[in-house]
Amino acid sequence: MIRLREVSWTYPHAVRPSLRDIDLKVAAGQLVVLCGASGCGKSTLLRTLNGLIPHFQDEGVLSGTVSVGGLALQRAELDQIGLLTGTVLQHPRRQFFTDTVAEELAFAMENFGFPAPDIRTRVTQLSAQLGQGGLTPGTSLGRLSGGWQQRVAIAAAWAHRPAVLLLDEPSSNLSAEAVDQLAQTLGQLKAEGVTIVVAEHRLRYLQDLADRLVILCDGAIAAEWSAAEFRAASDQRLAEQGLRGEVCPAPLPALPATGASLVQPWPEPCSADPSALPVGPSSGLELDQVVCRLGGRRVLDLAQVRFPAGQVTAVRGVNGSGKSTLARIVTGLRAASGQVKLDGRPLSRRTRQRISAIVMQDVQRQLFTDSVQAEIELAASGRPDSPSPAAVLDSLDLTDLADRHPLSLSGGQQQRLVVATVRLSGHRVVVFDEPSSGVDRRHLGSISHQIRQVAASGAVVLLISHDEDLLALAGDNQLTLRPVADLDLG
Amino acid sequence: MLAVSLTVMSPDGSRFVPAALVLGAALALSERAWGRAVGLPLVGAALAVGGWLAPLWWPHPLVAVLALVCSFTVRLVACCGVGAHLIATTSPTALSAALRAMRAPRAVAVTMAVMLRFFPVVAHEAGAVLDAMRLRGLAGAGRLARHPILSLERFTVPMIAASLRASEDLSAGAILRGLGSRRRPTAAYPPRLGWPDGAVGLAVGGLVALTLSVPPVLA
Amino acid sequence: MSDLHNSDGSQADQVIVATAAPLADSAGGAAPTPPGGPGLSIRFSARDLVNVAIFGVIFIVVIWAVGMLGVISPLVWLLITPLQIVIAGIPFALFLTRVKHAGMISLFALIIALFFLFSGNSPISTVGIALLGVLADLIFTTGRSRSKGRAVLAYTVFSLGFFTPFLPLFIDREAYFATAVWEPMGQAYVEATDRLLSLPVLGLLALAIGAAGLAGGLIGSATLRKHFVRAGLA
């Protein structure tokens, strides 16, 4: 079904090829897992299978041949390839094109010109399958939880019955139950005879589904395991290849707090004792009767909580539980009723804006100048007491990049630069929003080190993340939120 | 609904402004957008005061120019009210199906549908960049007045970079699912005028008749 | 273009080195030359349409965001239109780097014009913006090479579209002065106002907008060099 011969690919401006001499054959109806450490080229390989490489890339060099179902992809047009392959990219929410479940399911079939009655039948059939969990065709896509978004994205990619289904890290950002559900969905598809290729770094859930495991290293195929070998491999053996088996939630003590936004009952009730906190009663950032409404709906309701200074508080919760709303209130970007106090003193919104910082998920949004040096100087200007720019650059390993354009840096480097600006401006409250998404996993240690450094300087640090590995490394305690007004599908 | 929205989009002559404002507010009510339902008539009234009453208080050529601008803006506001309804309630699928039904060329229909999808994305990125600027203290009015171009460059460049990145997955996913394909697309639910359109049509007809029958006091 | 059935095994076995056409290339690149001659094809690929759409949205959001500044600071209010033109030059310059063949700028202008029509612009202005877009398209895509000068000139021409919304203000004037509000104010006063909005003022405004367009084109190309080329986005 899929055949690759001596495929190599070099991204524009890249020095080394991202894929080197890949030979791969996938028979019809098989499920093959592409795995390897982050940056090994598994997502890139997936993009050659759906033609995004080279057809969606402006430059870059591809050699070798890729054919899917007998179609030579380099010669084909993207819509031809799309008819043959269904793709689910990493963030389902970012690829939804329409507003409701039914429209999304019909989208590909409409574009490919399927007859309208056929589309309606197929949409009804697919929504009936999805609908066993209470989903209706008219449900708005924005109101779905991560797991449901993933299921709708898979159904939408598969609606026009392509022979091949490609999935890029489908389990990232999913809860444990949602991952089980995902395995079930893939099992059903496999039973229907679909050829499936999954790029993934979290492997155990695929154990009973995979026919083969292809391990990539540095853009080349390092090893291929049969299903039996894969099942026999211990987690330790996986770790040697930079792979992960199971992911367990990081055990962190819960912060004492009250409010309708909190997950009840406490995961660890014993730690809900205020005296367990190592800091004094008034140090830190305190939220008092904070309620935030959006269009008449309560999105956040925290009666009482204190984030201790000098510590990292992990903020967890499903989509729509108010994590980013909490970040925006704490930093003064959004108004809410109730009080926010620092060290016992109430703060106005404007003051909060002045003393706080966010390291955003997409750090490009907060890089304003044309060189790393200029970015640092802009952050340091007007604050005589801040640490020396050169020292901060040095400690973050950015000195060699001082003349580069911030937008030309890699994701991890951009993030370090933003952390540098935060440290230079000496903010008292710092929020990290999903800092490990889009960053090479090998740098997890360095990210958590950055976060700990900011906390060590005495700041109140909030870490919003789904990444249990990062939370285990960087978190001191946790606050788990849940949606106040129940969503359609929690 | 859509067809009606499209036809009333560019009312000519200020005599239709009150009618368009009423329509905009009513449509906002129908989708429970309270802010817009209240705000639209208020802004309209304020601009009407600026446009027609201000010259009475202080007759001066400059004020008259200002009044002219106001009376011009009031039309714009009236249209925006109806346009906002279109953006808020129409999905990209519905829009492109409607445009195709109106026999708009493929390039226009596809581009418009994609734009409708990108608007919230780019607006969200723009908002996030503004947030980041506020937290870095780069968004103050004083700074803006001193270095207007530099400040705006610092907004525009990250906004474009972030928008392009955010749009990448979206367009890749959509193109692979045949968006913009040269095949002839179909619509699962071909757009038809239903009874709500009839009701709106009647109401608009009523408003137009009312406008024409009332002697032009303001207009 | 090609269809599903002409792909057989022999084609799959050929080793192809596919390089997407660099931006500076004229239309076609490695692809078979479309009918209508090079550079004049208006067969947009899905990618082209999406690019036009995303830059159209960015362009409109930039204009809208600058317009919002007028609310924050009254100082800027008088400078709004020229400032909008100057800043919108930045996304336009980046858009030009994605223009692969003739027709894309025209489509861009048409889309912008339609958008402003929906948000309450006059039909005259809509036609005006679209025509200026076609003109800018001709300026930018007819030459053999895509020089910086052509890019700046194309934007200057396109930016005159910002002048078209003022047209009804002058054309509609008779009707405006005939309204009841003006009656008690006397003939002399009406004439004074009339003169303020006369033809020379109109010309001056057009000139100012053209100058802002030139500045926008230059700033756009400077920003391209300063940021986007170095960031690998252009």
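G310(A) is partly exposed, with 17 other C-beta atoms within 10 Å. This glycine belongs to a predicted model, and G310(A) sits in the loop that runs between β13 (297–307) and β14 (312–317) of chain A. Apart from its neighbours within four places in sequence, G310(A) contacts A455(A) and G458(A). A further residue, A456(A), is 146 residues away from G310(A) along the chain, yet the C-alpha atoms of the two are separated by 5.5 Å.

**Backbone geometry in chain A**

Most residues other than glycine have a negative phi, and most peptide bonds are trans. Chain A departs from the phi tendency at E6(A), where phi is near 45 degrees, a positive value in a residue other than glycine. E6(A) is placed in strand β1 (residues 2–10) of chain A. E6(A) has 12 other C-beta atoms within 10 Å and is therefore exposed, since the cut-off for that class is 12 or fewer.

E169(A), likewise not a glycine, has a positive phi of about 40 degrees. E169(A) is located in the loop between β7 (164–168) and α8 (176–191) of chain A. Because 21 C-beta neighbours lie inside 10 Å and the threshold is 20 or more, E169(A) counts as buried.

The peptide bond between I53(A) and P54(A) is cis, with omega at about 5 degrees. P54(A) is part of helix α2 (residues 52–55) of chain A.

**Packing of α5(A) against α6(A)**

Two packed helices are described by the angle between their axes and the distance between the axes. For helix α5 (residues 101–111) and helix α6 (residues 116–130) of chain A, the angle is about 135 degrees and the axes are 10 Å apart. The two helices are therefore oblique to each other, as the angle is neither over 145 degrees nor in the range 65 to 115 degrees. The crossing of α5(A) and α6(A) is right-handed.

On the α5(A) side, the contact is made by V101(A), A102(A), L105(A), A106(A), M109(A) and E110(A). The α6(A) side supplies I119(A), R122(A), V123(A), L126(A) and S127(A). By class, the residues of this contact comprise eight nonpolar, one polar and two charged.

**The buried face of α13(A)**

Helix α13 (residues 372–380) of chain A has as its buried residues V372(A), E375(A), I376(A), A379(A) and A380(A). Viewed down the axis of α13(A), these residues fall within an arc of 130 degrees, so they line one face of the helix. The cover over the buried residues of α13(A) includes α14 (389–395) and α15 (411–424) of chain A.

**Chains B and C**

The following table sets out the two chains.

| Property | Chain B | Chain C |
|---|---|---|
| Helices and strands | nine helices, zero strands | 11 helices, one strand |
| Buried residues | 47% of 219 residues | 44% of 234 residues |
| Contacts between residues at least 6 apart that join residues at least 24 apart | 69% of contacts | 71% of contacts |

Along its sequence, chain B follows the pattern α-α-α-α-α-α-α-α-α. In chain C, the order from the N terminus on is α-β-α-α-α-α-α-α-α-α-α-α. The strand of chain C thus appears after one helix and is followed by helices.

**The contact of chain B with chain A**

How many residues does each chain bring to the contact? Chain B provides 36 residues and chain A provides 43 residues. On the side of chain B that touches chain A, the elements giving two or more residues are α5 (92–101), α6 (106–135) and α8 (148–176) of chain B. Of these, α8(B) makes the largest share, with 13 residues. The side of chain B that touches chain A divides by class into 20 nonpolar, six polar and 10 charged residues.

How values were computed:
Residues numbered from 1 in each chain as written. Chains lettered and ligands numbered in written order. Predicted model: local features only at pLDDT ≥ 70, side-chain atom pairs only at ≥ 80, totals over all residues. Contact = placed C-beta atoms within 7 Å. Helix = DSSP H or I, 4+ residues; strand = E, 2+ residues; numbered from the N terminus. Nonpolar A, V, L, I, M, F, W, Y, C, P; charged D, E, K, R; others polar. Axes fitted to C-alpha atoms, helices over the stretch in contact; angles between N-to-C directions. Parallel < 35°, antiparallel > 145°, perpendicular 65-115°, else oblique. Left-handed = near helix turned anticlockwise from the far one by under 90°. Arc of directions from axis to C-beta.
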